Amino acid sequence: VVRNFGVSGTTMQKKSDLPYWNTWAYREALDSSPDVVYLMLGTNDARDVSWNAAKYREDTIAMIQSFLRLSSSPQVYLFAPIPLFADGKNGHMQSVISFVLPRILQDVAVESGPRVTYVDA
């Protein structure tokens with residue numbers, strides 16, 4: 001069974017206007033005992049008012065670990081956000097979305113071990 005626990009507008013960073021961490025969907029995703037997890041968070045983190053690379057990295061690692069600790073031992077796939085071609089759209093930063101986030105996610109995937117895979121959009 002494939003289930004969608006996405007929530008539009010949410011962020012990976014715990015300290016933001018709408019962190020995914022605080023949603024019903026995140027709790028249900030953990031409770032679903034998944035075999036596979038697809039994570040694609042970052043576009044809404046990359047706004048000029050909320051971007052913090054160190055916090056994004058830290059919170060990404062924490063979210064990955066929250067899934068890896070599950071008894072279902074899921075494989076986690078980290079997807080880079082779709083590149084942004086116009087800087088400043090809704091306050092989003094093109095360089096962060098198109099270049100910085102993919103590098104962070106690649107590094108985090110490698111550091112997180114064999115059950116975590118980076119996928120470039």
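Arg47 counts as buried because its relative accessibility is 15%; buried means under 20% relative accessible area, exposed over 50%, and partly exposed in between, with a 1.4 Å probe and protein chains only. The model is predicted: local features need pLDDT of at least 70, side-chain atom pairs count only at pLDDT 80 or more, and totals for chains, interfaces and linings use all residues. Residues are numbered from 1 along each chain as its sequence is written, and side-chain values use heavy atoms, with hydrogens and water left out.

Arg47 sits in the loop between β1 and α2. Helices (H or I, at least four residues) and strands (E, at least two) are DSSP runs, numbered from the N terminus. Residues up to four places away in sequence are not counted among the contacts of Arg47. Those that remain are Thr11, Asp17, Asn90, Gly91, His92 and Met93. Contact means heavy atoms within 4.5 Å.

One of these partners, Asn90, lies in the loop between β2 and α3. Asn90 is exposed, because its relative accessible area is 63%. Its phi is near 55°, a positive value in a residue other than glycine. Ser33 also has a positive phi, of about 50°, although Ser33 is not a glycine. Ser33 belongs to the loop between α1 and β1. At 43% relative accessibility, Ser33 counts as partly exposed.

The strands form an open sheet. Three strands take part, in the order β1-β2-β3, with parallel pairing. Two strands pair if DSSP finds at least two bridges between them. β1 and β3 are the edge strands, and each pairs on one side only. From one strand to the next, the twist averages 20°.

The pairing can be followed strand by strand. Four bridges hold β1 and β2 in the parallel sense. Val36 has Gln75 of β2 as its bridge partner. Val37 stands opposite Val76 in β2. β2 and β3 are also parallel, and four bridges join them. Here Leu78 stands opposite Tyr118 in β3, and Phe79 stands opposite Val119 in β3.

In a regular strand the side chains alternate between the two faces of the sheet. β2 shows this alternation. Val76 and Leu78 point to one face and are buried. Gln75, Tyr77 and Phe79 point to the other face and are not buried. The chain crosses from β1 through α2 to β2, and this β-α-β crossover is right-handed. A crossover is right-handed if, with the strands pointing away from the viewer, the path from the first strand over the helix to the second runs clockwise. In β3, Val116 and Tyr118 make up the covered face. Thr117 and Val119 make up the uncovered one. The β-α-β crossover from β2 through α3 to β3 is right-handed.

Two helices lie against the sheet. α2 lies across β1, β2 and β3 and runs at about 165° to β1. α3 packs on the sheet, where it touches β2 and β3. The direction of α3 makes about 160° with that of β3. Axes are lines fitted to C-alpha atoms, for helices over the stretch in contact, and angles run from 0 to 180 degrees between N-to-C directions.

Helix α2 covers residues 53–68, which is 16 residues. The expected span of a helix is 1.5 Å times one less than its number of residues. For α2 this gives 22 Å, and the end C-alpha atoms are 22 Å apart, so the two values agree. Asn52 caps the N-terminal end of α2. A side-chain oxygen of Asn52 lies 3.1 Å from the backbone nitrogen of Ala54. Such a polar contact is a pair of N or O atoms within 3.5 Å; within protein, one must be able to donate a hydrogen and the other to accept it, and residues adjacent in sequence count only if both atoms are side-chain atoms.

The buried residues of α2 are Tyr56, Asp59, Thr60, Met63, Ile64, Ser66, Phe67 and Leu68. Their cover includes α1 (24–31), β1 (36–39), β2 (75–79), α3 (94–112) and β3 (116–119). Ser112, in helix α3, is in contact with Ile64 and Leu68, leaving aside its neighbours within four places in sequence. Ser112 counts as buried because its relative accessibility is 16%. Its side chain reaches the backbone oxygen of Val108 at 2.7 Å.
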